[in-house]
Amino acid sequence: MSITHPSFKASDGKPVSEVKFPKEGPPPITVKNLTMAYGTFVLMKDINFTVNHGDIFIIMGGSGSGKSTLLRHMLGLIEPAKGEVLYGDFNFTKAEPEQREEMLRQFGVLYQGGALWSSMTLAENVGLPLGEFTNLSPSEIRDVAALKLALVGLKGFEGYYPSQISGGMQKRAGLARAIALDPEILFFDEPSAGLDPISSRLLDDLILELRDNLGATVVVVTHELASIFAIGSNSVFLDAESKTVIANGDPKDLLKNCKDHRVRAFLTRGDEDKKDEKSARDHG
Ligand SMILES: Nc1ncnc2c1ncn2[C@@H]1O[C@H](COP(=O)(O)OP(=O)(O)OP(=O)(O)O)[C@@H](O)[C@H]1O
Ligand SMILES: [Mg+2]
């Protein structure tokens, strides 16, 4: 099924869905020697990783380790203290504001707590980026917004206001807004936070579907273990204490093979630590 509206064009006339990141090209995202700081407070040093085509790349780590901050660096909302972020061959960190803006249009973002505008209907919320970045007519915008809402299972809810739908539905509407411009790369910060396990599972399925249907690359910040294992194909683990990345790879492989006790404790919800303590007590 094609999800791109036939007349869906960026304001310069190029189709928005034009592939900027060819599959045979360099990795869509490279983070190189990144140091993140708020003023003189250094949060993380020497972060290095690449995100490959079609990855669902998980940024994980404890609360306050800097996951959202890393995402903000990747989106140019915070400048690196050191290092750079590249999209394909494009050095995002060194680029001019207009070039960055152009690149950001290829991205869809769902921020942590990703609020919808409460005074706008779901269709108006989803239509917002279309009005801003395309030359579609109002009726075309309504059509595309309805299509995107249908993709996330919200057909028939176009005229509802955010307060009239559940939290899980709001997350999905946020997702519909993030995919409004047919992005090449999607960024989600804690998409399933606050959802019950079933809704959370459905959202994971939806993220997998969007990756497959849009051919997009997805970056997800999350500490929901079920999601990490269900959708993650690659990951980085941020450790607040050592202030750097202490594991990188498919989360399922990390669970099997990573020896670092901090990563193991996280991926097993501390169960292994508890077992170790118990066996020390039993034998001690
Ligand atoms: N605007 C800011 N100015 C100064 N310090 C900040 C700012 N935003 C975040 N921090 C600090 O940076 C650290 C990392 O915050 P961040 O929000 O990136 O963590 P996180 O891993 O996303 O946490 P959570 O899982 O709770 O969302 C925290 O210690 C926080 O206090
Ligand atoms: Mg966060």
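This briefing describes the sheet, the ligand shell and the nonpolar core of the structure above. The model is predicted. Its open sheet consists of 4 strands in the order β2-β1-β4-β5, paired in antiparallel fashion. Helix α1, residues 67–74, packs on this sheet and gives the most residues to the shell around ligand 1. The largest nonpolar core comprises 66 residues, and helix α4 supplies the largest share of this core.

**Sheet architecture**

- The open sheet is antiparallel, with the strand order β2-β1-β4-β5. Its edges are formed by β2 (41–51) and β5 (90–91), each of which pairs on one side only.
- Helix α1 touches three strands of the sheet, namely β1 (29–38), β2 and β4. The direction of α1 makes about 120 degrees with that of β1.

**Strand pairings**

- Strands β1 and β2 run antiparallel and are joined by 7 bridges. Within β2, valine 42 stands opposite alanine 37.
- The hairpin of β1 and β2 has 2 residues between the strands, and glycine 39 adopts a positive phi near 60 degrees there.
- Strand β1 is also joined to β4 by 5 bridges, again in an antiparallel arrangement. Here isoleucine 29 stands opposite tyrosine 87 of β4.
- Strand β4, spanning residues 82–87, runs antiparallel to β5, with 2 bridges between them. Tyrosine 87 has phenylalanine 90 in β5 as its bridge partner. Tyrosine 87 thus faces isoleucine 29 and pairs with phenylalanine 90.

**Shell around ligand 1**

- The residues around ligand 1 are Tyr38, Leu43, Gly61, Ser63, Gly64, Ser65, Gly66, Lys67, Ser68, Thr69 and Gln112.
- By class, this shell contains 8 polar, 2 nonpolar and 1 charged residues.
- Helix α1 makes the greatest contribution to the shell, with 3 residues. This helix also packs on the sheet, where β1, β2 and β4 are the strands touched.

**Nonpolar core**

- Within the largest nonpolar core, of 66 residues, those with the most contacts are Ile59, Leu149 and Ala176.
- Helix α4, residues 138–151, accounts for the largest share of this core, with 6 residues.
- Leaving aside residues up to four places away in sequence, alanine 176 touches Val126, Lys148, Leu149, Leu151, Val152 and Leu154. One of these partners, Leu149, is itself listed with Ile59 and Ala176 as having the most contacts inside the core.

Terms used. Residues numbered from 1 in each chain as written. Chains lettered and ligands numbered in written order. Predicted model: local features only at pLDDT ≥ 70, side-chain atom pairs only at ≥ 80, totals over all residues. Pairing = 2+ DSSP bridges. Contact = placed C-beta atoms within 7 Å. Axes fitted to C-alpha atoms, helices over the stretch in contact; angles between N-to-C directions. Near = placed C-beta within 6 Å. Nonpolar A, V, L, I, M, F, W, Y, C, P; charged D, E, K, R; others polar. Core = buried A, V, L, I, M, F, W, Y, C linked by C-beta atoms within 7 Å. Buried ≥ 20, exposed ≤ 12 C-beta atoms within 10 Å, placed from the backbone.
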